[in-house]
Amino acid sequence: MKKIGLIGGITWQSTQLYYQLLNTKVAEVLGGQSSCECIIESVNFSDISIKQANDDWDALHTQMTDIAVRLEMAGADIILICANTMHLSVPAIKDKISIPLLHIAEVAGKAVKEKGCKKVLLLGTKYTMELDFYKDILKNQFGIEVMIPNDADRDIVHTIIYSELSKGIITEESKQLYLDIIKKSEKEGAEGVILGCTEIPLLIKQEDCDITVIDTTKEHAFAAVEFALG
């Protein structure tokens, strides 16, 4: 089994999902008392979110890269960033490590294609929805048409992530707000929705939606297990 290196704490709510998913999948595949071999370095999300709000991406790229290098030195065979937004740091990280980094947008794109969707809604932080780093992979590598919510709805999605989901706060009111946004996209032709923030699966499940749900947390974790077990 290859060892998985996780950059966690972005947020710890989703990092615990990763840990659960990784171990559950390894046990399912290998049976018995099998579990995942992994290393986690977990950051202080308060520090990360302040840097994001201040557009201090250079500092974040340096921080993510330093962690990835430490994980490689500690014996990791592959790197996972346990957050969609911080994949903004992937180019900087790849320059400094010699092991693979499993890009969550590439995993998401593959899942969308496998599920037969051509047009999808992307939900996530404002950075993930508005910047091109994620959408370009979906469009250019997989030919997927990507929709994002309108300005007001993007504010709603982003605020709920930072003020509630990052703290483990789950409410029916916020769930309904998300579902209303998803239903709007369905009327505009969306065949699926990418949960492009690793905390959103805490709130939204496939059974809540009429269209296909792409849970990036689960897809990312399972793809890592596939790599680890070779």
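Student: What makes the radius of gyration of the protein chain agree with a compact globule?

Tutor: Let's set the two values side by side. For 230 residues, a compact globule would have a radius of gyration near 17 Å, and the protein chain has 17 Å, so the value agrees with the rule. Keep in mind that this is a predicted model. Along the principal axes, the C-alpha atoms fill a box of roughly 50 × 45 × 35 Å. Buried residues account for 54% of the 230 residues.

Student: What secondary structure does the protein chain have?

Tutor: The chain comes to 10 helices and 7 strands. One open sheet has 3 strands in the order β2-β1-β3, and another open sheet has 4 strands in the order β5-β4-β6-β7. The pairing is parallel in the sheet of 3 strands and also parallel in the sheet of 4 strands.

Student: Why do β5 and β7 stand at the edges?

Tutor: Count partners: β5 and β7 each have a single partner strand, so one side of each is left without a neighbour in the sheet. Neighbouring strands there are turned by 30 degrees against each other on average, direction ignored.

Student: How do you know that β4 and β6 pair?

Tutor: Pairing needs at least two bridges between the strands. Strand β4 (residues 119–123) is joined to β6 by 4 bridges, and the two run parallel. One of the bridge partners is L195 in β6, which goes with L123. L122, in turn, stands opposite I194 in β6.

Student: What makes β6 and β7 a pair?

Tutor: The test is again at least two bridges. β6 and strand β7 (residues 212–215) have 4 bridges, in the parallel sense, so by that cut-off they pair. V193 has V213 in β7 as its bridge partner.

Student: Why is β6 called covered on both faces?

Tutor: In a regular strand the side chains alternate between the two faces of the sheet. For β6 (residues 192–195), G192 and I194 lie on one side and V193 and L195 on the other. Buried means under 20% relative accessible area, and these four residues are all buried, so both faces are covered.

Student: Why are α5 and α10 called roughly perpendicular?

Tutor: Angles of 65 to 115 degrees count as roughly perpendicular. Helix α5 (residues 104–114) and helix α10 (residues 216–229) pack at about 100 degrees, with their axes 9 Å apart. That angle falls in the range, and therefore the two helices are roughly perpendicular. On the α5 side, the contact is made by I104, V107, A108 and A111, and on the α10 side by T216, E219, H220 and A223. These residues divide into 5 nonpolar, 2 polar and 1 charged.

Student: What makes α10 roughly antiparallel to β3 but oblique to β7?

Tutor: Angles over 145 degrees count as roughly antiparallel. α10 lies across β1 and β3 and runs at about 175 degrees to β3, so that label applies. α10 also lies across β6 and β7, at about 55 degrees to β7. An angle of about 55 degrees is outside the ranges for parallel, perpendicular and antiparallel, so it is oblique.

Student: Which residues of α7 are buried, and where do they pack?

Tutor: In helix α7 (residues 132–142), the buried residues are F133, Y134, K135, I137, L138 and F142. They pack against α5, β4, α6 (126–130), β5 (145–147), β6 and α10. α7 lies across β4, β5 and β6, at about 150 degrees to β5. Just after α7, G143 takes a positive phi of about 65 degrees.

Definitions and conventions: Residues numbered from 1 in each chain as written. Predicted model: local features only at pLDDT ≥ 70, side-chain atom pairs only at ≥ 80, totals over all residues. Heavy atoms only, no water. Buried < 20%, exposed > 50% of the residue type's maximum accessible area, 1.4 Å probe, protein only. Axes fitted to C-alpha atoms, helices over the stretch in contact; angles between N-to-C directions. Parallel < 35°, antiparallel > 145°, perpendicular 65-115°, else oblique. Contact = heavy atoms within 4.5 Å. Nonpolar A, V, L, I, M, F, W, Y, C, P; charged D, E, K, R; others polar. Rg over C-alpha atoms; globule rule 2.2 N^0.38 Å.
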